[in-house]
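Student: Could we go through this model together, with each answer argued from what can be read in it?

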Amino acid sequence: MNVSNRKCIRRLSIASFKAAKIRNIITVAAIALTTILFTVLFTVGMSMKSGFEQSNFRMVGGYSHSSFKYLTKEEFEELKDDPLIQKYGKRIFCGMPTKEPFQKSHVEVSYCDANVAKWMFLEPKEGRLPREGTNEAATDEKVLSLLGVEPVIGNEFTMTFMVDGTETTETFTLCGWWEYDEVIPANQVLIPESRTQEIFQKLNTQGKDGMTGTLNMDVMFKNASHIADNMITVLERHGYQTEGRDQGDNYIQIGVNWGYTSAQFENSLDITTVLALIAVVLLIIFTGYLIIYNIFQISVSNDVRFYGLLKTIGTTGRQIKRIISLQAFLLSVPGILLGLLLGYGAGVIMTGIVVAQLDGIVLTYSVSPVIFVGAALFSLVTVWLSCRKPRRMAAKISPVEAVRYTESSMKMSKIRHSPNKSKNPQKGASIFRMAMANLGRNRSKTVVTVISMSFAVVVLNLTFTVANGFDMDKYLSEMVAADFITAEAPYFLPTTYNKVGVLPEEAIAQIEALDGVKGGRTYQKNFAAEELVTKELIQKQQGQWDSPENVARYIEQLEKVGDLYLERVQLYGMEDFVLDKLRVVEGDISKLKEGGNYVAAVYAEDDYGNLHEDYNWAKLGDQVTIRYVEEYEYFNPDTGEIYAEDEDLSNKRYGTKAKVYEDKVYEVAALVVVPARLTYRYYGADEFVMGAETFIQDSGTSEVMYYAFDCEDDQVESVERWMQDFAGGEDSPYAYESRKKEEEEFNDFRNMFMMVGSGAAFIVGMVGILNFLNAILTAIIARKREFAVLQSVGMTGKQLNQMLITEGMVFAGSSIVITLILTVVMGPLASSVLEGMFWFFSYRFTVTPILLIAPVFLVIGAVIPFVSYHYVAKRSVVERLREAE
Amino acid sequence: MTILQTKELKKVYGSGESEVRALDGVNLTVEKGEFVAVVGTSGSGKSTLLHMLGGLDRPTSGSVTVDGKEIFTLKDEELTIFRRRKIGFIFQNYNLVPVLNVYENILLPVQLDGGAPDKAYIEDIIDTLGLTSKLNNLSNNLSGGQQQRVAIARALASKPAIILADEPTGNLDSKTSQDVLSLLKVTGQKFSQTIVMITHNEAIAQLADRIIRIEDGCVRSTSK
């Protein structure tokens with residue numbers, strides 16, 4: 001085809017585009033709403049993805065791809081210029097404080113260059129990194145507050161720390177500080193490289209620990225794929241290996257940032273989530289399709305004459321298609337831009353609401369181009385899909401029919417007759433039957449509009465059903481084991497692995513002194529306690545998350561007794577109050593209370609109350625041998641030889657073995673499930689429960705993990721206030737959970753659903769109403785002349801209004817009826833899906849939202865035709881009669 | 001030279017009892033430069049004939065040859081392109097594109113075809129039809145007679161082989177009808193165009209070189 005006619009087509013397209021102002025405004029609004037939905041979805045998704053990665057990186061302590069560890073200066077210089085390495089940074093570890101005030105914190109004193117500091121999130125909020133040759137240092141707020149130093153640049157502080165086994169006390173001048181991030185595992189004090197060298201010289205540091213004084217090189221490759229392979233390639237090029245020190249002196253240890261490897265967001269997406277995402281995308285496309293399709297379909301059928309005319313004078317079908325495509329594109333540009341803008345704003349708000357409900361994800365707002373490109377692309381696809389049919393329809397219009405169309409002065413006359421003629425011709429035309437007949441003229445328009453309106457109500461109703469179905473009692477009965485649980489703050493942190501917090505007796509004494517409080521302690525021992533198990537059991541348990549080779553290596557370093565191996569156990573010592581909170585699966589826990597050599601084996605159940613049979617090996621009546629170890633020694637797993645006490649093990653393989661210990665044999669008196677809130681809150685070994693007395697006597701420890709208590713109903717409020725003072729503050733070493741807090745958490749979660757769902761329903765509702773507005777408005781404008789004809793033969797303005805309002809009410813009414821039917825039919829289906837997704841969900845049939853929306857719809861159904869007609873009726877009948885030609 | 005010829009042209013709508021033979025074996029020939037009027041009463045089949053001649057609708061059987069091309073051997077898209085190159089239409093209700101101005105309307109068929117308009121020729125047409133002062137008006141701001149003159153200009157613009165006019169004066173008063181028809185005839189002669197006009201008005205038909213009467217789908221007589 002000729003190129004030069006494009007200009008003409010464009011001219012035609014733009015000219016007819018300008019003529020359809022109302023349609024354009026409505027279409028732009030529709031496209032904008034569709035884009036908003038997509039943008040919100042993408043913003044929340046991408047923000048969560050980046051938040052998830054950020055959290056991983058923070059847990060790791062940095063986002064460099066990997067590091068070469070413990071290098072000499074020469075090795076460092078050799079490796080740093082490798083072409084595979086895009087960026088590198090230098091870090092020199094100097095020392096760690098262990099004494100007051102740092103006995104509870106992990107603090108490292110080291111040198112980091114600007115790259116490493118950036119990668120490790122050590123960027124001063126105020127000030128800068130230390131300069132070479134000065135006594136400056138930069139650190140975080142928490143270190144400063146532990147030292148009792150104000151975060152003011154220029155303040156001096158003194159720290160005592162261990163450098164390769166030797167203690168030193170140094171004074172620094174604060175040159176920069178940043179905020180403390182509780183997720184990052186270690187606090188850092190950064191000093192200049194020159195200062196590290198001074199300290200090493202002063203203390204004559206040899207680097208006995210294999211770490212102090214060596215250089216670490218953090219590197220960034222071109223991208224995050226194949227990090228480990230890249231590192232090995234770099235090493236091989238320079239003649240190094242990372243197989244093992246025993247493979248030769250050219251050994252260099254490497255570390256790959258697991259934030260990039262193990263826990264990628266993509267990997268954590270399970271099939272349900274992916275399907276849910278696809279379903280949401282399809283729903284949005286469908287929502288958009290319903291309205292955009294309808295607008296174009298109505299527009300084309302109102303312009304049949306125009307397209308027929310173009311056809312007659314020689315416009316080909318392809319050219320007509322191009323005219324419509326161009327118009328769709330012209331409407332998409334402002335619609336999508338507007339949608340992206342509004343959608344991003346809404347997305348940011350939604351992200352805040354959603355992330356607040358999720359543990360372990362940092363709140364970040366992604367500005368990835370994927371959001372905008374993706375949302376724009378999906379919107380364009382929606383527009384394209386929506387235009388396909390109307391475009392084909394316009395291209396197919398037969399020129400003769402278009403001519404005929406104009407020949408018969410009233411195109412609708414033949415259709416108008418049909419319902420009246422069919423059965424009872426004597427009855428004549430009633431307003432209602434005329435209205436119904438009018439709706440039947442463009443069936444597809446009527447159906448699409450009704451579906452579009454119903455859709456919004458279905459979404460709203462679904463949101464209510466979900467939020468309403470979240471069963472607080474079901475949730476609380478599972479999640480709340482006692483009115484209050486209190487412990488040292490780290491116990492409640494989701495990311496802490498080695499919980500060393502111990503609740504002191506004086507804290508418990510204060511609580512017990514309160515009126516009406518009845519509670520009990522749980523003691524902990526999760527290290528230096530072992531049980532004898534078979535190799536098969538270990539293989540089975542460890543094999544769930546590790547490769548057979550790694551499991552074999554793991555087993556090698558365990559101590560062997562006969563055919564059995566010693567493995568760590570987690571023990572609970574529970575007072576009667578806590579014991580009574582356990583769910584007994586089998587057996588009797590009263591024996592535990594009496595203080596004999598009895599234990600209860602801990603099992604777990606899923607959220608739906610189904611027991612994991614494999615969770616523990618011990619069955620009722622089995623004998624369990626627990627070894628309480630007082631002192632360990634280290635052995636070589638290859639030879640079995642015991643290492644000398646002062647041997648440096650940092651570069652050797654070793655296993656541990658009990659040197660001083662005591663074995664105790666217990667009988668399993670019961671199988672129990674410990675409510676989630678009363679467990680260690682991490683799983684890593686078999687668990688057994690003992691009575692408190694037996695526990696203290698046998699283990700020799702009395703560290704309180706937590707104290708759980710109930711109080712009288714009328715005391716709950718006052719105790720809650722007291723606990724808030726005692727353990728609720730940021731500076732308190734304790735923290736607590738209570739029934740009230742759980743209720744609040746539950747309500748927050750439910751509100752999140754309500755917010756997100758209502759937001760979606762609101763936008764879908766806007767789409768539905770817009771669709772309705774368009775359907776009514778275009779119909780009234782297209783029928784201007786017809787109305788004039790009707791009025792000229794004696795229909796009063798009031799009757800005409802009645803007819804139009806009836807049409808609008810039928811739209812609204814059918815939407816409501818369809819929604820009711822859908823709700824009744826789909827309720828049971830939705831309930832089973834939802835009960836599968838949320839264990840605390842109980843389906844309750846509800847049509848309240850529909851009944852609330854019904855009057856709104858009916859009012860809109862009446863008002864829109866009324867107002868539009870008045871707009872048309874401003875001009876006289878004669879004017880309108882003449883105008884149509 | 002024969003520019004238009006039909007052979008045994010038939011068009012049947014419906015079937016069985018409700019069968020309507022709109023055209024029942026029409027044979028006619030039009031020479032180049034002729035001005036032919038087709039007359040007949042309402043329902044005689046004259047509009048159907050015009051649709052067939054212009055390739056707007058396909059016949060049940062028979063053939064139409066325009067400028068040596070048997071048009072119904074063409075596919076729909078090809079037929080559309082043939083139509084805009086070889087056939088100019090003038091309708092009773094003008095059928096101008098309301099969103100375009102007069103000049104754009106006149107140029108539309110040429111531009112749709114991607115051709116460069118013959119400026120001098122177009123200006124000549126515009127001048128002859130007295131439209132020079134109206135070129136920038138939107139078509140629906142014009143009177144009926146003016147609109148029909150624009151339609152005539154549009155039909156001439158692409159230098160078609162034949163112009164088909166369907167009741168071109170049907171919507172005009174008698175004075176304007178005379179003006180428009182004279183213009184049609186004058187421009188036809190000036191630009192040596194072949195014109196086939198359909199009308200039910202005997203007085204208007206008298207202006208043509210030849211009158212073809214059609215009744216019940218058949219040609220009844222031809223007269224000068």
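Tutor: Let us begin with a definition for the sheet: two strands pair if DSSP finds at least two bridges between them. Please keep in mind throughout that this is a predicted model.

Student: In what order do the six strands of the open sheet in chain B lie?

Tutor: The pairing in this open sheet of chain B is mixed, and the twist from one strand to the next averages 20°. Read across the sheet, the six strands of chain B have the order 6-7-8-3-9-10.

Student: Which strands of chain B stand at the edges of the sheet?

Tutor: An edge strand here has a single partner strand, so one side of it is left without a neighbour in the sheet. In chain B this applies to strand 6 (87-90) and strand 10 (218-223).

Student: Which residue of strand 7 of chain B is the bridge partner of B:Ile87?

Tutor: Strand 6 of chain B pairs with strand 7 (residues 162-166) of chain B in the parallel sense, over four bridges. Within strand 7 of chain B, the partner of B:Ile87 is B:Ile162.

Student: Where does the largest nonpolar core lie with respect to domain 1 and domain 3 of chain A?

Tutor: This core has 157 residues, among which A:Ala30 and B:Ala153 touch the most other members. Its largest share, 17 residues, comes from helix 2 (residues 21-60) of chain A. Because domain 1 (1-60 + 262-406) and domain 3 (408-480 + 738-885) of chain A both give residues to the core, it lies between them.

Student: Which residues does B:Ala153 touch, not counting those up to four places away in sequence?

Tutor: B:Ala153 is, together with A:Ala30, the member of the largest nonpolar core that touches the most others. With residues up to four places away in sequence left out, B:Ala153 touches B:Ile106, B:Ile125, B:Ile126, B:Leu129 and B:Leu131.

Student: How many residues does the second, separate core have?

Tutor: Members of this second core include A:Val480, A:Tyr491, A:Ala670 and A:Ala692. The core is separate from the one before, and its residues number 53.

Student: Which helix of chain A supplies the largest share of the side that touches chain B?

Tutor: Where the chains meet, 21 residues of chain A are in contact with 21 residues of chain B. On the side of chain A, helix 1 (5-19), helix 11 (304-312), helix 12 (317-355) and helix 14 (399-407) each supply at least two residues. The largest share, seven residues, comes from helix 1 of chain A.

Student: What percentage of the residues in chain B is buried?

Tutor: Chain A, with 30 helices and 23 strands, has 885 residues, of which 38% count as buried. Chain B holds seven helices and ten strands, and among its 224 residues the buried ones make up 47%.

Student: Which element of chain A has the lowest mean pLDDT?

Tutor: Chain A has a mean pLDDT of 82, with 91% of its residues at 70 or more, whereas chain B averages 87, with 100% scoring at least 70. Over residues 405-428 of chain A the pLDDT is below 50, although this stretch has 18 contacts in the model beyond near neighbours in sequence. Where pLDDT is low, the predicted coordinates should not be read in detail. Among the elements of chain A, the highest mean pLDDT (92) belongs to strand 5 (residues 136-140) and the lowest (40) to helix 15 (residues 413-422).

Conventions
Residues are numbered from 1 along each chain as its sequence is written. Chains are lettered from A and ligands numbered from 1 in the order in which they are written. This is a predicted model: local features need pLDDT of at least 70, side-chain atom pairs count only at pLDDT 80 or more; totals for chains, interfaces and linings use all residues. Axes are lines fitted to C-alpha atoms, for helices over the stretch in contact, and angles run from 0 to 180 degrees between N-to-C directions. A nonpolar core is a set of buried Ala, Val, Leu, Ile, Met, Phe, Trp, Tyr and Cys residues joined through C-beta atoms within 7 Å. A residue is buried if 20 or more other C-beta atoms lie within 10 Å of its own, exposed if 12 or fewer, and partly exposed in between; C-beta atoms are placed from the backbone. Domain bounds come from an automatic or database domain assignment. Two residues are in contact if their C-beta atoms, placed from the backbone, lie within 7 Å. pLDDT is the predictor's confidence in each residue, from 0 to 100.
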